[in-house]
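Visitor: I am new to this structure and would like to learn how to read its features. May we begin once it is in view?

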Amino acid sequence: MFTANQIVDLLQELAFTHVVTIPDSTLGQWEDGLKASESIEYVGVCREGEAWAVAVGLELGGATPLVMIQCTGLFESGDSLRNALFDYQRPLFAIVGYRSYLDQSTLPGDTCLKFTEPILEAWGMDCSLYDQADNADEQLKDIATQVLRCRESGVPGVALVAEGRA
Amino acid sequence: MSTTEIGMPLTDSLEVLREMRRDDDVVLTVMGTAREWMAMGQLHPLDWVYVPSSMGQAPSLGLGMALAQPDKQIIVCNGDGCMLMNLGSLVTITAQAPPNYTLILFDNGVYEITGGQPTPATSDTDSQVDYMALAAAAGFHHVFAFDQLEAWQQAARQLVDQPGPTFIHLNIAPVPGAVGPRSPGHAPTRADLFAKALQM
């Protein structure tokens with residue numbers, strides 16, 4: 001839905017210092033651009049639960065990290081997310097890829113579509129869905145607005161970005 | 001019985017850290033190490049008592065601190081049960097290779113605070129897992145092991161000061177009947193205060 005350049009420009013504009021991530025087939029297309037950025041450090045982790053913990057350590061140390069994972073990783077990382085965002089109330093922001101939302105042809109009946117939004121609702125975070133593939137510029141502006149809103153309020157947030165491939 | 005046969009006492013092994021700790025060292029404790037660290041005396045502003053925790057995430061949390069604050073030494077005190085929950089973190093750490101990072105594994109072979117059940121790595125009383133080999137294979141720059149308190153005491157400061165990432169395995173005696181740690185205060189407030197100290 002977004003190009004690497006669009007995402008890098010957005011994250012640089014928002015002054016994120018680190019992207020803590022595991023790629024999927026959509027998020028992975030942004031990897032080279034993120035690694036080429038002079039102002040963003042790319043931190044690859046081995047499992048999504050780690051991403052929240054690394055991000056907490058960065059945030060405590062004064063950095064501005066972004067967690068970037070697929071919704072399947074969101075499912076995996078529940079306990080780490082709970083600890084980071086609720087026990088310690090750290091205001092982390094995440095981009096979560098919403099697998100199969102735009103196209104189920106690769107994984108017909110993908111149960112990510114059943115569980116992703118209810119689970120995010122259960123966590124009670126500031127969450128917005130970005131699914132207008134033909135309106136990328138406006139969607140990017142909306143993500144920026146959401147990030148700034150979360151920062152001003154000191155709360156965590158999730159930009160749920162629709163994906164079209166498994 | 002010697003400490004070689006039963007492992008070092010947990011409190012004694014932590015006392016080594018308290019004695020050699022510098023004012024700008026960050027010490028991250030969790031589970032049993034957190035319980036004993038709190039019981040040993042007043043906390044330092046750069047003590048991160050990771051209670052409540054997400055079990056397994058202490059090494060990753062410390063990695064974030066090390067990347068954000070490269071001029072401070074980050075010392076992570078992890079248990080073997082916690083380590084087994086997040087072995088991938090060994091590779092995440094070495095991929096970033098922060099020179100200011102030391103991971104100390106306090107290995108007692110059991111899930112101590114739940115009643116002393118053996119971890120999957122323990123058969124009878126013997127460890128079936130070579131944690132030093134795991135750390136070395138993952139790419140830690142330095143890997144050390146100690147089962148005697150005196151040797152640990154003599155080497156600790158020097159090992160922490162060398163450019164890491166460094167992995168240290170300590171053979172520790174379980175504490176029978178030990179209970180879980182309790183947060184020493186309101187966790188979000190503690191996090192805010194710690195962040196201020198860490199960023200100074």
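Guide: Let us start with a term. Ala, Val, Leu, Ile, Met, Phe, Trp, Tyr, Cys and Pro count as nonpolar, Asp, Glu, Lys and Arg as charged, and the others, Gly among them, as polar. Please also note that this is a predicted model.

Visitor: By class, which residues does the lining of the second largest pocket have?

Guide: That lining has ten nonpolar, seven polar and two charged residues. The pocket itself, the second largest, has a volume of about 260 Å³. Of its 19 lining residues, those closest to the centre are Met31(B), Gly32(B), Gly79(B), Val110(B) and Glu112(B). In chain B, helix H3 (31-39), strand E3 (74-79), helix H5 (80-84) and strand E5 (110-111) are the elements that each give two or more residues to this lining.

Visitor: How does one look for enclosed space, and how many cavities of 30 Å³ or more does the count come to?

Guide: Rolling a probe the size of a water molecule over the atoms shows where empty space is left. Here the count comes to one cavity of 30 Å³ or more. The largest cavity has a volume of about 50 Å³.

Visitor: Which residues line the largest cavity?

Guide: From chain A, the lining includes Ala53(A), Val56(A), Ser80(A), Asn83(A), Ala84(A) and Tyr88(A). From chain B, it includes Trp48(B), Tyr50(B), Ser54(B), Gln57(B) and Leu61(B). Helix H3 (48-60) and helix H5 (78-87) of chain A are the elements that give two or more residues to it. H5(A) gives the most, with three residues. By class, the lining of this cavity has seven nonpolar, four polar and no charged residues.

Visitor: Let us turn to the interface. How many residues of chain A are in contact with chain B?

Guide: There are 25 residues of chain A in contact with 32 residues of chain B. The two chains bury about 2000 Å² between them, and 59% of that area is on carbon and sulfur atoms. Glu50(A), Leu60(A) and Tyr88(A) supply 33% of the area that chain A buries against chain B, more than any other three residues.

Visitor: What does the rule find across this interface in the way of salt bridges and polar contacts?

Guide: It finds one salt bridge across the interface. Arg90(A) forms a salt bridge with Asp192(B), and their closest N and O atoms are 2.9 Å apart. Twelve residue pairs are in polar contact across the interface. On the side of chain A that touches chain B, strand E2 (41-44), H3 and H5 of chain A give two or more residues. H3(A) gives the most to that side, with nine residues. The residues of that side divide into eleven nonpolar, eight polar and six charged.

Visitor: What should one look for in the backbone?

Guide: Most residues other than glycine have a negative phi, and most peptide bonds are trans. In chain B, the peptide bond from Val51(B) to Pro52(B) is cis, with omega near 5°. Pro52(B) lies in the loop between strand E2 (47-49) and helix H4 (58-68) of chain B. The bond from Gly164(B) to Pro165(B) is also cis, with omega near 10°. Pro165(B) is placed in the loop between helix H8 (149-161) and strand E10 (166-171) of chain B.

Visitor: Where is Gln89(A) found?

Guide: Gln89(A) is in the loop between H5 and strand E4 (93-98) of chain A. Although Gln89(A) is not a glycine, it has a positive phi of about 55°.

Definitions and conventions:
Residues are numbered from 1 along each chain as its sequence is written. Chains are lettered from A and ligands numbered from 1 in the order in which they are written. This is a predicted model: local features need pLDDT of at least 70, side-chain atom pairs count only at pLDDT 80 or more; totals for chains, interfaces and linings use all residues. Side-chain values use heavy atoms; hydrogens and water are left out. On a 1 Å grid over the protein atoms alone, a cavity is a set of points where a 1.4 Å probe fits but cannot get out, and a pocket is an open set with protein on both sides within 12 Å along at least five of seven lines; lining residues have an atom within 4 Å of a point. Grid points are joined across faces, edges and corners, and a volume is the space filled by probe spheres set on the points. Helices (H or I, at least four residues) and strands (E, at least two) are DSSP runs, numbered from the N terminus. Contact means heavy atoms within 4.5 Å. Buried area is the accessible area (1.4 Å probe) that two parts lose on being put together, summed over both. A salt bridge is a side-chain nitrogen of Lys or Arg within 4 Å of a carboxyl oxygen of Asp or Glu. A polar contact is a pair of N or O atoms within 3.5 Å; within protein, one must be able to donate a hydrogen and the other to accept it, and residues adjacent in sequence count only if both atoms are side-chain atoms.
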